[in-house]
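The following exercises introduce a structure through its strands and one of its interfaces. Please study each task before reading the solution.

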Number of protein chains: 4
Amino acid sequence: MVLKIGVIGTGAIGQDHIRRITNTLSGGKIVAVTDVNQEQAKAVVKNQNLDAVIYDDGHELIKSEDVDAVVVTSWGPTHEEFVLAAIQAGKPVFCEKPLATTAEGCKRIVDAEITHGKPLVQVGYMRRYDTGYRALKKVIESGQIGEALMVHCAHRNPTVPDTYTGDMSIVDTFIHEIDVLRWLLNDDYVSVQIVAPRKTSKALEHLQDPIMVLLETKQGVRIDAEVFVNCQYGYDIQCQVVGETGIANLPEPSSVVLRSEAKKSTEILVDWKDRFIDSYDTELQDWINSTLKGEVNGPTAWDGYVAAVTSDACLEAKKSGNIVPISLGERPDFYYKTLTAAGKL
Amino acid sequence: MVLKIGVIGTGAIGQDHIRRITNTLSGGKIVAVTDVNQEQAKAVVKNQNLDAVIYDDGHELIKSEDVDAVVVTSWGPTHEEFVLAAIQAGKPVFCEKPLATTAEGCKRIVDAEITHGKPLVQVGYMRRYDTGYRALKKVIESGQIGEALMVHCAHRNPTVPDTYTGDMSIVDTFIHEIDVLRWLLNDDYVSVQIVAPRKTSKALEHLQDPIMVLLETKQGVRIDAEVFVNCQYGYDIQCQVVGETGIANLPEPSSVVLRSEAKKSTEILVDWKDRFIDSYDTELQDWINSTLKGEVNGPTAWDGYVAAVTSDACLEAKKSGNIVPISLGERPDFYYKTLTAAGKL
Amino acid sequence: MVLKIGVIGTGAIGQDHIRRITNTLSGGKIVAVTDVNQEQAKAVVKNQNLDAVIYDDGHELIKSEDVDAVVVTSWGPTHEEFVLAAIQAGKPVFCEKPLATTAEGCKRIVDAEITHGKPLVQVGYMRRYDTGYRALKKVIESGQIGEALMVHCAHRNPTVPDTYTGDMSIVDTFIHEIDVLRWLLNDDYVSVQIVAPRKTSKALEHLQDPIMVLLETKQGVRIDAEVFVNCQYGYDIQCQVVGETGIANLPEPSSVVLRSEAKKSTEILVDWKDRFIDSYDTELQDWINSTLKGEVNGPTAWDGYVAAVTSDACLEAKKSGNIVPISLGERPDFYYKTLTAAGKL
Amino acid sequence: MVLKIGVIGTGAIGQDHIRRITNTLSGGKIVAVTDVNQEQAKAVVKNQNLDAVIYDDGHELIKSEDVDAVVVTSWGPTHEEFVLAAIQAGKPVFCEKPLATTAEGCKRIVDAEITHGKPLVQVGYMRRYDTGYRALKKVIESGQIGEALMVHCAHRNPTVPDTYTGDMSIVDTFIHEIDVLRWLLNDDYVSVQIVAPRKTSKALEHLQDPIMVLLETKQGVRIDAEVFVNCQYGYDIQCQVVGETGIANLPEPSSVVLRSEAKKSTEILVDWKDRFIDSYDTELQDWINSTLKGEVNGPTAWDGYVAAVTSDACLEAKKSGNIVPISLGERPDFYYKTLTAAGKL
Ligand SMILES: [Mg+2]
Ligand SMILES: [Mg+2]
Ligand SMILES: [Mg+2]
Ligand SMILES: [Mg+2]
């Protein structure tokens, strides 16, 4: 059985997903594509040698009888509209982050999915599929370190382009920690504070870099997270969970140990694309497999909504310097039941 | 384009390859299976939900017009016969190790393939596809450690079953180092000596364990390899290449770093199947891709022959305690040209 | 030339210092001891086989013509009085922490030393003598990581006795970070905030454990420090300095790497006395050497005063939850000159 | 109680020992020195500000009533004569390696000491005092890795001067492994074989570098040791003991962990003098302490003899390429009893 997939948006990430579904993964077939830039859509079909129809727009693609499931990799502001349309059509949809550009938009998707009555939406937070984070979660859940009390983490990029704004340190960069840490801890955030260390001379003038984000969770876990996007030396993702009886660290990517020139060294990646490359494969293979079984196994619309609410609070905390509360309301039974059914709660 | 694959032998490794081609990899389809145990073949087709014909024997399967390429995962002593038949039929064939149970058998395959005139055979030495060995080879070839002078390595298993004989420490265990080290160094062996350290009390009475294998290559590189199959503590593969200006170590599998009970620790695998699990996927995906392009990209029949000759010398060295020469004859131009064509020489 | 030393206070730390001066170090001789418990003083002289006079009290010992220099290892509340007396007598004095139990008391010592006109006082903050911290400081000062921007650190004890109170997490435990971090960064603190993570179930009911201390320095460096005194797994001191171009970590104590029972591990110390044992030797040898040259080379009375002021602010921050400013006033020229003279500024 | 020490030979190592006894260690005093170069002896006394008599030659120094114990740091060929004289005078003597330049010379010392009737001689093999080797020995003796079966080790220098000859790779370099490995294993050697890997282009023409030394012990332990004195990258001492149930590695010197320029690195030493600097202090302090108690606690004359015999066999193995037996005869009861008395057997 093959899942017939339509892709809305054939930019960089869209092309990547098309390539992995076509050449690397099993069980999916790209049967439809569309893009605001029709020439680009045509070029992708040709270059990747696809047997796929090119649609005029996303709504037509979603409605097509040929399309079993939809991948949304278009420009962020269009995500909400296409996800809502997919729900209306009753079709499973994988949407790259963000689910919507506002918390209200995410909430509309959550409400539509609940109204529809069965889960259809997965959001593209791929870190949950990283073998390292999974191994870390397994250690936590094994009880080997007792209850989690603190998390120390860091998200470091070597440099960022001139177009990178201060808000992006939250909505583009730290957003990955927002999603993966609550999944890791099986917990939710209640407040956030952001402090500004001495600014690196390597950052553009307008950009406060680094920042320190301090999150508190419902269970009282304190998270301190360094976000440093001009650290120069590499792309480096660190996560240390301190528990009552022990401490567990996210594995570092494995690397040749080199002895040379009076140093014993391992390599640090410099390109973020290399760091989680395998987790994209795992994420989409899992999405194909779950979708064929009529399930949603990955980050849900609710997770997309929580990310949006938390991200908004971070932005306010960054601007004000205050401790900002994070109010989510209760998780709807709908998502609770879904997770329970999948044996995950 | 899909490669239609017939599998001869539906035991453990055969089932694994069927499963990965069907559920994980891209571009291949199992269309035919056979096994001396027809009931097992039927069960596999049913359990894995295959759309595949069950043949009475391997020769029929090879001849079938439906079959583009053959995977040989039957009992070792039958490999030679099926590989020769595949060559005769002009069909690409992936054969699990050993290529044949004797050096002469391997040589017959080499000769048949040369007579046929184009490369068809790949042997299942999967370590060449391990990301760790590949990273190590890349470091060597980068010149960062200068010319290789020595290799220190170890192949350790926690325990072996009662059925494990002394010869198996060469033909089942060390055979992987035999293949991967000459690929790593781009070199060939000229002699071997084996010494017997104090025997562990954890090994069965009949088994000398550990042993130390000392190989010399054409370039003069000295390899010392510990083979220790009752080391108790884990499945541990070590490889350190000492060059003129630096030293490079095979990466260890990445793992959570745990601080607990007065120890800072990482996990060591205990099951060999976990260690190279990803390389099996890479190996077969690469075989499918190359085969669709009409190429052989992995270990060739010649490599299978070299492994057999070297393995024979090791057995003699183990028995006699002497330094035993390893004589291969010249690599036929056929394999040289093939590799050159593929941009690999 | 031998420095004739009188020791006030022959409890545990006093006995240790007597032993190292007598049996391990060079250039010093214990010629006088005293303790409120005269029996204990006598026992120490006897057990350690000292050629030393036992005085009735510290003031007599300080006045004795036989005594060149004084070591104060008595009960904390008596430190101020003995240090002031030593200054009055014009004698060099090594005082274990705290210099005085209040910031005002420390200030009185600073003022007395300035009035005296030349430096006499060293305070027993031994971490500055640890080879690890020294190596870390050397890396920072080499420019290899650029300007320091953040420090992430942790002070973890396996357990604490029932007598350990909440204030002790600052005045006994974190006080070491207070001293060593400003020395490491060559900087001063301007504010502190303390947050309380989820409390470990392993701590006594009255004790908030762990706590997170957030310090800001004049240069804008942000320090986050975990203080966790019931972490169970070991005595573990971590310090990571994040600079503009790289990151440097305090070395961990060197240890045998053990592969055993499916783990690759190194040992973590459990007894704090083992962690900085060598730095006590280095500290006192350096004090003897400097004193013989008429210099103070280690932590000064001013450093003792800064530690007291910072510690007071931490206690207030812990109680109130607020960001508390740390106001030191300017460092007196006296200490500036001293350091300049010693080639340290 | 102070040990009054006379030093024969005031070259580099002699000056070092004088300095550490005078400025760093406790319980010893340099009261006498001599050197074939009297001007140098005088300069040392002056520069190090010693209160010491300068003797015309070693024999006078040994006979002097002022001298309790002797340190021999003169030119190697003179060691035997001065050690024999010290035994004759009944004075404890610490002799830098080699004890004598021939096995016969060492044997004469052993015989003289036995005739004298109580132990007087310690040889300067300092690695036994290294905290790393001691920690490794402790792990072995704890039973954590079971019985030792193999040892993999390496002795690497970055470069050697033009004056370094092929024999020096044994008598100057590998001699340290010869002593420390049998101490570590509490075992003796029975044979040695040496093989020559591809020669590095960085070595002088006359020098085979690296070499691989293969030792076998009485217990059947197999040792493979790489000796590589032009490895370029650093001074690196490796030792891995493989036991029946686990593996233990000599700790590497502790170092700042640096993240910089896409590498996570620790420093490797380049100067051998830094590697074992602390063990010289420990060695001599232990010698002073033991001597004051009338004991010999370190490497004995017998150990010096064993080193000489083993070193001769290595030289023959290197020349011939053969497996060369190592015949020591039985360890005299004298040394056995001494060790038993000291609780070490
Ligand atoms: Mg994503
Ligand atoms: Mg294989
Ligand atoms: Mg102290
Ligand atoms: Mg020595």
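**Exercise 1: Strand pairing in chain C**

Strand β4 (residues 69-72) of chain C and strand β5 (residues 93-95) of chain C run parallel and are joined by three bridges. Strands here are DSSP runs (E, at least two residues; helices are H or I, at least four), numbered from the N terminus, and two strands pair if DSSP finds at least two bridges between them. This is a predicted model, in which local features need pLDDT of at least 70, side-chain atom pairs count only at pLDDT 80 or more, and totals for chains, interfaces and linings use all residues. Residues are numbered from 1 along each chain as its sequence is written, chains are lettered from A in the order in which they are written, and side-chain values use heavy atoms, without hydrogens and water.

Task: State which residue of β5(C) is the bridge partner of C:V72, and place both strands in their sheet.

Solution.
1. The partner of C:V72 in β5(C) is C:C95.
2. The open sheet of chain C has six strands in the order β3-β2-β1-β4-β5-β6, with parallel pairing.
3. At its edges lie β3 (53-54) and β6 (121-123) of chain C, each pairing on one side only.

**Exercise 2: The interface of chain A and chain C**

Task: Describe how many residues are in contact, what area is buried, and which salt bridge A:E147 forms.

Solution.
1. Contact (heavy atoms within 4.5 Å) links 37 residues of chain A with 37 residues of chain C.
2. The size of an interface is often given as the accessible area lost when the parts come together. Here the two chains bury about 2,800 Å² between them, with 56% of it on carbon and sulfur atoms; buried area is the accessible area (1.4 Å probe) lost on being put together, summed over both parts.
3. In chain A, the residues that lose the most area to chain C are A:R198, A:R222 and A:E244, together 24% of what that side buries.
4. Two salt bridges are found across this interface, a salt bridge being a side-chain nitrogen of Lys or Arg within 4 Å of a carboxyl oxygen of Asp or Glu. A:E147 forms one with C:R198, where the closest N and O atoms are 3.4 Å apart.
5. Among the elements giving two or more residues to the chain A side are β7 (148-156) and β8 (189-195) of chain A. β7(A) gives the most, with five residues.
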